[in-house]
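Thanks for coming. I will talk through one structure this morning, strand by strand, and then move on to the rest. Please have a look at the display before I start.

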Amino acid sequence: MGEFRLVRLGEQIRAEIAGLILSGKIKDPRVSPLLSVTRVDVSSDLAYAKVYVSSFQDAHTAKKGVRGLESAAGFIQSVLGKKLRTRQFPKLTFLFDESVKESFEMVQKIDRLRNPVADPQPDSAPADSSADV
C-alpha cells in the first residue's frame, strides 16, 4: 500500500478512536475522556498499527488509561473494522506518548531563555557616574 494511503488510514483510525474515547463508548473506567490519540503508525502490510496516546493528566493515570485501551482493543478493532471497511484491519497496539509533555517543557525552557528573570541580587559595586567624565 502506498505511503500516502497508510498515512490517511492512520488519520482515519486516529479520528475514530478519539471519537470513541470522547463519546464514552469505551466502558473501561480507566479510559478517561482526557486521553488524546496523538498519532497512529500503520505497518505497510496492514497487519499492525501503533496508536500513540497522551494526556494532560499525570503519567501514572495516563498509563492506566493506555492499559484500559489495550484491554478494549478487541472492541475498538471490531467497531473500526465495520466503519472503515478495509479488507484487513490492523491489530492495534496502544503506547503511551510523552511527546506532548516534553514539548510543553521545551516551550517553557525557551520562554525562560527569552525572558530571563531579573537577578534578585544587585551588583556589589554601584556604577560611579563621575568616572565617565
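Take Val40 to begin with: its bridge partner is Val51, which sits in S2. Keep in mind throughout that this is a predicted model. A second pair that you can look up is Leu35, which stands opposite Ser55 of S2.

Both pairs bring us to the strands themselves. How do S1 and S2 pair, in the parallel or the antiparallel sense? The pairing is antiparallel, and it extends over seven bridges. The two strands form a hairpin, with five residues between S1 and S2. In that turn is Leu46, whose phi is positive, at about 60°.

Now the sheet. It is an open sheet of three strands, in the order S1-S2-S3, and the pairing is mixed. Which strands stand at the edges? They are S1, residues 35-42, and S3, residues 91-96. Each of these has a single partner strand, so one side of each is left without a neighbour in the sheet. On average, neighbouring strands are turned by 25° against each other, if direction is ignored. A general point for anyone new to sheets: along a regular strand, side chains alternate between the sheet's two faces.

Next, the first helix on my list. H1 covers residues 3-23 and lies across S1, S2 and S3. Relative to S1, helix H1 runs at about 155°.

Within H1 there is a salt bridge to point out. Glu11 forms it with Arg14, and the closest N and O atoms are 3.2 Å apart. Why are these two residues separated by about one helical turn? Because they are three residues apart in helix H1. In the whole structure, the search finds five salt bridges.

Last, the empty space. The largest pocket holds about 200 Å³. Three elements each give two or more residues to its lining: strand S2 (48-55), helix H2 (59-71) and helix H4 (99-114). Which of the elements gives the largest share of the lining? It is H4, with four residues. The lining has 14 residues, and those nearest the centre of the pocket are Ser55, Phe56, Gln57, Val100 and Lys101. Ser55 came up earlier, as the residue opposite Leu35. By type, the lining residues divide into six nonpolar, three polar and five charged.

That is the end of my list.

How values were computed
Residues numbered from 1 in each chain as written. Predicted model: local features only at pLDDT ≥ 70, side-chain atom pairs only at ≥ 80, totals over all residues. Heavy atoms only, no water. 1 Å grid on protein atoms, 1.4 Å probe; cavity = no way out; pocket = protein on both sides within 12 Å on 5 of 7 lines; lining within 4 Å. Points joined across faces, edges and corners; volume = space filled by probe spheres on them. Nonpolar A, V, L, I, M, F, W, Y, C, P; charged D, E, K, R; others polar. Pairing = 2+ DSSP bridges. Axes fitted to C-alpha atoms, helices over the stretch in contact; angles between N-to-C directions. Contact = heavy atoms within 4.5 Å. Salt bridge = Lys/Arg side-chain N within 4 Å of Asp/Glu carboxyl O.
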